[in-house]
Amino acid sequence: MTEPNRDELLEALRGLDDPDAGAPLGDAVRGVAVRGGKVAVEVVLGYPARGSIDRFEQRIRACLEAFDGVEAVSIDLGTKIATHAVQGGLKPLDGVRNVIAVASGKGGVGKSTVAANLALALAAEGARVGVLDADIYGPSQPRMLGLTGKPGTTENRRILPLEAHGIQAMSIGVLVAVDQAMIWRGPMATQALQQMVSETLWDDLDYLVIDLPPGTGDVQLTLAQRIPVAGSIVVTTPQDVALDDVRRAVAMFRKVKVPVLGVVENMSTHLCSNCGHEEAVFGHGGGARIADETGLPLLGQLPLDAALGRSTDQGAPSVVADPDGAVAMRFREIARKSAARLARQAASTSIRMPRITISD
Ligand code: ADP
C-alpha cells in the first residue's frame, strides 16, 4: 500500500472551510506528519471555539480519511489568541490582548444588550474577557451584569475591575453618579472615559469588550481615535432609518482606521413567547443589505425576544440565564465569528511551521 502524500493532505486541510472565519483554514493548519497509514495533524485556531471544536475535529477526520491509505488519524486541535494590531501610534492597554468596541449609530438599538451577551459568549467559548462600559450618558452594564459594590484601588491608584458571571467589568456608572456624568460636556466626558480606560487594571484578558456611547459625535470619534481598538462591531435594527446611522458609524471607524469586524442586526424578527413563531415585523434583510453595501459581514441576527430583554435588564443576560437556549447559541456564534475575523487580521505576522513527528 502506498503512503498518503503529505503535501496533498496538507493542501486539502488548508482548503477546508472555517465557517466562523468565513475563509479556509489556511495557516491554522500548523503541521501534518505521515508515517505508513498513520497521519498526525496540528491545527491552532486563533479564536476561542469551544462551541465548534467537535464539529471541526469531525470534519478534519473525514477530510483525511477520504484519502487512500489513511488508516489512523490523530488530531491536535487547539486555540491560541494573539494580540492584534491597533491604530497607528497607540499602545495596547496593559493586561488586554484585544479591545473590541461595540458601537451603534443611535441609542435604543440594543448595543449594550449585545455588548453584555457578546462578552459572556466569548467567555463561554473559552476566552478571558472583560467589559468596559463607556456609555457615559446611559451606562447599562451595572444593571445588565448585576454589578454590585465599589471597585477597589491599588497602592498606585489603579482601579480594580469588578467581577460578574466570570468576567471582569468596569463602568463609568460605578465610578460617578449618573446624573452628574449626564451633564458633562464633550471634553469632560472624553477625559473621564480615557482616565477610566487607562487606569483600570485588567487581569490578563484575551478580549475587552467596550460598550461605546451611541452615535457618531465628538465623544465617540475621540474615543475611537484614542482607545487602542483591534476591531469594532456595529449594532443596528433592520429598519431603513437605522441603516443610515450604521453607515455613519462604519464611516467613523474607517476614518480613524479601526477595522469593522461586521454588523449585528438586533430585533430582526419577533419571537412569540406563546407559540415560538418568528416573524420579521420590521421588514427583511436590512442588516444583510448594509453588509452588502459596505462589504462587511453580517455577524448575526437576533430576535426581539421578551426573555432576552428581561433577563439582560435583570442582571443575568441570556447567555448565562439560559446557556443552552437558541439566543445563547446565536450570541456564541456571533462571538466566534467576531473573534475569528479579528484573528484573520493578524495573518500578516509570520507563522512558524513546527515539524511534528509520530511516535508509537
Ligand atoms: P442601547 O444600548 O442601544 O441603547 P439597550 O441594549 O440598552 O440599547 O436596549 C434597550 C432596551 O431594549 C433594553 O431594555 C433591552 O433589554 C431591550 N432589548 C434590546 N435588545 C432586545 C431584544 N433583542 N429583544 C428584546 N428586548 C431587547
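This is a short walk through one predicted model, covering its ligand site, its two sheets and one arginine.

I'll start with the ligand. The shell around the ligand holds 16 residues, and the closest are Gly 108, Lys 111, Thr 113, Pro 303 and Asp 313. If you sort that shell by class, you get six nonpolar, seven polar and three charged residues. Two helices each give at least two residues to the shell: helix H3, residues 111-124, and helix H11, residues 306-313.

Now the polar contacts, where I have three to show. The side chain of Thr 113 places a polar atom 2.6 Å from an oxygen atom of the ligand. At Ser 112 the backbone is involved, with an N or O atom 2.9 Å from a ligand oxygen. Gly 309 also uses its backbone, and here a polar atom is 3.3 Å from an oxygen of the ligand. As for how covered the ligand is, on its own it would expose 560 Å², and the protein buries 80% of that.

Next, the three-stranded sheet. It is open, its order is S3-S4-S5, and the pairing is mixed. Which strands stand at the edges? They are S3, residues 29-35, and S5, residues 72-79; each has a single partner strand, so one side of each has no neighbour in the sheet. On average, neighbouring strands here are turned by 10° against each other, ignoring direction. S3 pairs with S4, residues 38-45, in the antiparallel sense, and six bridges join them. To place yourselves in the picture, look for Ala 33, which stands opposite Ala 40 in S4.

Two helices go with this sheet. Helix H1, residues 6-15, packs on it and touches S3 and S4, with its direction at about 145° to that of S3. Helix H2, residues 53-65, lies across S4 and S5 and runs at about 145° to S5.

The other sheet is also open and has eight strands. Going across, the order is S8-S9-S7-S10-S6-S11-S12-S15, again with mixed pairing. At the edges are S8, residues 162-164, and S15, residues 298-301, each paired on one side only. Neighbouring strands in this sheet are turned by 25° against each other on average, direction ignored. At one edge, S8 pairs antiparallel with S9, residues 167-171, over three bridges. Leu 162 has Ala 169 in S9 as its bridge partner.

What lies across S6, S10, S11, S12 and S15? That is helix H13, which runs at about 175° to S15.

H13 spans residues 326-345, and Arg 341 is found in it. I'll finish on that residue. Leaving out residues up to four places away in sequence, Arg 341 touches Pro 19, Asp 20, Ala 21, Gly 22, Leu 261, Pro 297 and Leu 299. For a sense of distance, take Asn 274, which is 67 residues away from Arg 341 along the chain; the two C-alpha atoms are separated by 36 Å.

Note on methods: Residues are numbered from 1 along each chain as its sequence is written. This is a predicted model: local features need pLDDT of at least 70, side-chain atom pairs count only at pLDDT 80 or more; totals for chains, interfaces and linings use all residues. Side-chain values use heavy atoms; hydrogens and water are left out. A residue is near a molecule or strand if one of its heavy atoms lies within 4 Å of it. A polar contact is a pair of N or O atoms within 3.5 Å; within protein, one must be able to donate a hydrogen and the other to accept it, and residues adjacent in sequence count only if both atoms are side-chain atoms. Accessible areas come from the Shrake-Rupley method with a 1.4 Å probe; for residues, only the protein chains shown count as cover. Helices (H or I, at least four residues) and strands (E, at least two) are DSSP runs, numbered from the N terminus. Ala, Val, Leu, Ile, Met, Phe, Trp, Tyr, Cys and Pro count as nonpolar, Asp, Glu, Lys and Arg as charged, and the others, Gly among them, as polar. Two strands pair if DSSP finds at least two bridges between them. Axes are lines fitted to C-alpha atoms, for helices over the stretch in contact, and angles run from 0 to 180 degrees between N-to-C directions. Contact means heavy atoms within 4.5 Å.
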